[in-house]
Amino acid sequence: MPEAHDALDALLDLLDLERIEQDIFRGQSRSAVVPRVFGGQVAAQALVAAGRTVPEDRLAHSLHAYFLRAGDPGAPIVYTVDRIRDGRSFTTRRVVAVQHGQPIFHLSASFQAHEEGLEHQYDMPAAPDPESLPTAAEMLPRHLPADVAARLIEARAAVDLRYAEVPPWGSVGERREPRSQVWFRTNGKLADDPLLHVCLATYVSDMTLLDSVLLAHGRGGWAVGDVVGASLDHAMWFHRPFRADEWLLYDQESPSASGGRGLGQARIYTRDGQLAISVIQEGVVRVPRRP
């Protein structure tokens, strides 16, 4: 199992895309817990590609994405950036990720030059201190088979992610309020590059957002195999500066599930209570058919 700093270095290498032509980039993949490319990886890589075509003084303020096909972790991904608009205040980019000649992911991202304006936000909810919570390496083996826990720990080794309460796979069969909280930060310091911190938060945002859907139905999720699912679409709004190598509270809830789909929505706060990011995701959440 990789050391935390080695895992973070490997993740940063994964996000350091190769430029192969004007506005065309190539990224590698790695195996995930499920046999497809992790959605957070392709979203973060697509945002890297978009950001590398934008002036440094324009920061990402939103992204909207669709997961079109399951990615092949054994093949590179080619990201093509379309320069939709370069305005006086806003810059818009569209990115298509392609594998084996087919699009697997589509992202639109908007960037903005710094601007002063009106200010308000929702207050940060109550949450336990992250240092008081068990690490993934401490919690996962309590609730999952050893091989599954080991795969999850390895897949998340670049991130220190701590659940405020028992996660879905720790309370199978118990219906709970469709709400969950996790604290997260990278397992190591990052460079002072705002785009990098936004991309790392994008990467992590796909790890737990649909947990609250599972909690409402007493399901443990993909880790225990009592549901099958995948991300369908993902949207994020970046409100205020933050660092992904400092503690961030991911406060998540699910307002609805229907039609084989579940909706998760969340707010991400800095430790001092600043609302940094809003997130919404819909995913396929199906109960496996019995043979």
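**Sheet pairing and helix packing in the predicted model**

A hairpin connects strand β4 to strand β5 through three residues. The model in which this hairpin is described is a predicted one. Strand β4, comprising residues 77-86, and β5 pair in the antiparallel sense over eight bridges, and within this pairing V81 of β4 has V95 as its bridge partner in β5. On its other side, β5 takes part in a second antiparallel pairing, with β6, which extends over 10 bridges; here A97 stands opposite F105 in β6. Strands β5 and β6 are likewise joined as a hairpin, with two residues between the strands.

The side chains of β5, which spans residues 90-99, alternate along the strand. T91, R93, V95, A97 and Q99 point to one face and are buried, whereas F90, T92, R94, V96 and V98 point to the other face and are not buried. Two of the bridge residues named above, V95, the partner of V81, and A97, which faces F105, therefore belong to the set of β5 side chains on the buried face, a face on which R93 is also found.

Beyond these strands, the pairing continues into an open sheet of 12 strands, arranged in the order β1-β2-β4-β5-β6-β3-β9-β12-β11-β10-β8-β7, with antiparallel pairing. The edges of this sheet are formed by β1 (18-21) and β7 (159-163), each of which pairs on one side only. Neighbouring strands of the sheet are turned against each other by 25 degrees on average when direction is ignored. Towards the β7 end of the order, strand β8 (residues 179-186) and strand β10 (residues 248-258) pair in the antiparallel sense over six bridges, and F184 stands opposite L248 in β10.

Two loops between strands contain a residue with a positive phi that is not a glycine. In the loop between β1 and β2 (24-27) lies D23, whose phi is near 65 degrees, a positive value in a residue other than glycine. D23 is buried, its relative accessible area being 9%. The loop between β5 and β6 holds H100, which has a positive phi of about 50 degrees although it is not a glycine. With a relative accessibility of 62%, H100 counts as exposed, because the cut-off for that class is over 50%. D23, by contrast, falls within the buried class, which is defined as under 20%.

Helix α5, made up of residues 194-208, lies across β3 (58-67), β6 (102-113), β7, β8, β9 (228-238), β10 and β12 (275-286), and runs at about 145 degrees to β9. Helix α2 (residues 39-51) packs with α5 at an angle of about 160 degrees, the two axes being 7 Å apart. This angle makes α2 roughly antiparallel to α5, since angles over 145 degrees are assigned to that class. The crossing in which α2 passes α5 is right-handed. On the α2 side the contact is made by G39, G40, Q41, A43, A44, L47, V48 and G51, and on the α5 side by L195, V198, C199, T202, Y203 and D206. By class, the contact of α2 with α5 has eight nonpolar, five polar and one charged residues.

A second pair of helices is formed by α3 (residues 136-143) and α4 (residues 146-155), which pack at an angle of about 155 degrees with their axes 8 Å apart. Helices α3 and α4 are therefore roughly antiparallel to each other, and their crossing is right-handed. The contact is made by A136, A137, L140 and P141 of α3 together with A149, L152 and I153 of α4. In terms of class, the contact of α3 with α4 has seven nonpolar residues, with no polar and no charged ones.

Helix α4 also contains V148. V148 is buried, with a relative accessible area of 9%. The C-alpha atom of V148 is separated by 8.2 Å from that of V224, a residue 76 positions away along the chain.

Key
Residues are numbered from 1 along each chain as its sequence is written. This is a predicted model: local features need pLDDT of at least 70, side-chain atom pairs count only at pLDDT 80 or more; totals for chains, interfaces and linings use all residues. Side-chain values use heavy atoms; hydrogens and water are left out. Two strands pair if DSSP finds at least two bridges between them. Helices (H or I, at least four residues) and strands (E, at least two) are DSSP runs, numbered from the N terminus. Axes are lines fitted to C-alpha atoms, for helices over the stretch in contact, and angles run from 0 to 180 degrees between N-to-C directions. Contact means heavy atoms within 4.5 Å. Angles under 35 degrees count as roughly parallel, over 145 as roughly antiparallel, 65 to 115 as roughly perpendicular and the rest as oblique. A crossing is left-handed if the near helix is turned anticlockwise from the far one by less than a right angle, and right-handed if clockwise. Ala, Val, Leu, Ile, Met, Phe, Trp, Tyr, Cys and Pro count as nonpolar, Asp, Glu, Lys and Arg as charged, and the others, Gly among them, as polar. Buried means under 20% relative accessible area, exposed over 50%, partly exposed in between (1.4 Å probe, protein chains only).
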